Amino acid sequence: MTSTSVFSALAPYGWDSAWADAFTPYDAEGLLPGRVVRVDRGQCDVVTAEGVVRADTAFVTPHDPMRVVCTGDWVAVEPAGNPRYVRTYLPRRTAFVRSTSSKRSEGQILAANVDHAIVAVSLAVELDLGRIERFLALAWESGAQPLVVLTKADLVPDAVTLSHLVQDVETTAPGVPVLPVSVMDGGGSSLLERSRQLGGGLDALVAVVSGGTSVLLGQSGAGKSTLANALLGEDVMEVRAARDVDGKGRHTTTTRNLLALPGGGVLIDTPGLRGVGLWDAETGVGQVFAEIEELAGRCRFHDCAHGSEPGCAVLAAIDAGSLPRRRLESYRKLMRENQRLVAKTDARLRAEIKRDWKRKGAEGRAAMEAKRSRWQ
């Protein structure tokens with residue numbers, strides 16, 4: 001098969017000249033390029049110029065969760081065999097990673113080579129701004145461009161309320177587009193017709209997903225599968241109703257699936273994420289709270305903790321009403337969480353934190369002794 005035919009077959013899935021150059025050594029070995037569209041139980045589906053093939057991933061290091069084959073990877077797969085094997089994956093441009101729920105402090109890669117991270121948030125329930133900030137921190141850290149899509153906008157009672165909700169999220173997500181959308185069932189109309197009824201953010205959303213690879217993220221019941229179906233123009237992903245009590249749904253999507261969109265671009269739909277643990281995401285947290293980091297640069301002391309120090313620009317902004325106190329508390333929480341996680345795998349940082357704890361403990365004891373002496 002010629003390189004031209006390979007290019008035309010894989011271009012809808014994101015193949016470009018840079019990927020072709022990276023694959024050159026494997027091409028000389030007679031291996032086939034392909035993109036992983038689904039992974040389960042040590043095997044994966046790979047779209048190649050010859051069609052979708054099933055391949056075993058045993059040759060790729062299985063013991064490190066950060067190095068396993070994942071949806072979105074470009075891989076070198078054997079041209080024949082039973083079973084076929086994935087020999088390796090090409091270096092990832094971006095990777096969306098969260099910490100696992102285990103106590104081993106491991107990272108779990110959810111999707112690779114993603115250009116846009118679409119965080120789906122349901123307006124059918126009260127906004128959880130802290131969770132949005134978590135998703136955005138991981139999205140920024142991955143190297144992808146975040147986008148917040150507020151789904152089920154048709155359930156908001158009026159335009160004024162919707163505008164306020166959008167403003168709340170925009171404050172939480174500086175520099176990130178926030179698009180309210182809705183997929184309304186027109187009483188038996190087709191998905192293609194219903195997709196045209198997406199809210200005012202449809203044009204912007206379609207423009208985003210039509211260029212590069214996008215991953216859909218969010219909790220169960222956020223409307224990810226419904227949104228994916230609207231973008232695909234047909235019922236590809238199963239949809240289940242969310243509970244009326246809390247807006248949560250069962251896991252409609254149980255694996256990460258990569259799908260080519262009819263208007264161009266690639267979409268990865270993911271299962272609902274109950275846990276959104278940070279994984280070495282200090283840079284991502286800093287970008288989510290860019291206004292706090294910018295204010296911190298104006299503080300009188302370079303190591304200001306924004307507690308009670310004189311000349312603190314962050315506290316001054318809170319007093320002036322330009323910075324919500326909730327933002328500072330959330331920033332502190334995520335930075336502490338990320339620091340603890342990194343410390344578990346970084347002995348040097350762990351020692352620094354312990355020294356800092358001892359210093360603060362000594363300062364606290366000295367302050368208490370000073371108070372006692374004044375009381376006596």
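**Salt bridges and a mixed sheet**

Let's start with a cluster of charges: Arg38, Asp40, Asp45 and Arg54 are joined up in a network of salt bridges. Bear in mind as you look around that this is a predicted model. Within that network, Arg38 bridges to Asp40, and their closest N and O atoms sit 3.5 Å apart. Arg38 has 27% relative accessibility, so it counts as partly exposed. As a general point, side chains of opposite charge can pair when their charged atoms come close. Search the whole structure and you'll find 11 salt bridges.

Now move along to Arg327, which takes part in two of the pairs described here. One partner is Glu133, with 2.8 Å between the closest N and O atoms. That pair links distant parts of the chain: Glu133 is in helix 3 (residues 129–142), Arg327 is in helix 11 (residues 325–345), and their positions lie 194 residues apart in sequence. Both Glu133 and Arg327 are buried.

Arg327 also forms a salt bridge with Glu291, and here the closest N and O atoms are 2.9 Å apart. Glu291 belongs to helix 9 (residues 290–296) and Arg327 to helix 11, so this pair ties together parts that are 36 residues apart in sequence. Why is Arg327 called buried while Glu291 is called partly exposed? Being buried takes a relative accessible area under 20%. Arg327 has 1% relative accessibility, so it counts as buried, whereas Glu291, at 25%, counts as partly exposed.

Next, have a look at the sheet. Here 6 strands form an open sheet with mixed pairing, in the order 10-9-8-11-13-12. The edges are strand 10 (178–180) and strand 12 (257–260); each has a single partner strand, so one side of each is left without a neighbour in the sheet. From one strand to the next, the twist averages 25 degrees.

Further into that order, strand 11 (residues 213–217) and strand 13 (residues 266–269) run parallel and are joined by 4 bridges. If you want a spot to zoom in on, try Ser214, whose bridge partner in strand 13 is Leu267.

Over at strand 10, helix 4 (residues 159–172) lies across strand 9 and strand 10, and runs at about 155 degrees to strand 10.

Let's finish on strand 9 (residues 145–151), where you'll find Thr151. What does Thr151 touch, leaving aside residues up to four places away in sequence? Its contacts are Ala120, Val121, Ser122, Leu123, Val181, Ala222 and Leu227. With 4% relative accessibility, Thr151 counts as buried.

Conventions
Residues numbered from 1 in each chain as written. Predicted model: local features only at pLDDT ≥ 70, side-chain atom pairs only at ≥ 80, totals over all residues. Heavy atoms only, no water. Helix = DSSP H or I, 4+ residues; strand = E, 2+ residues; numbered from the N terminus. Buried < 20%, exposed > 50% of the residue type's maximum accessible area, 1.4 Å probe, protein only. Contact = heavy atoms within 4.5 Å. Salt bridge = Lys/Arg side-chain N within 4 Å of Asp/Glu carboxyl O. Pairing = 2+ DSSP bridges. Axes fitted to C-alpha atoms, helices over the stretch in contact; angles between N-to-C directions.
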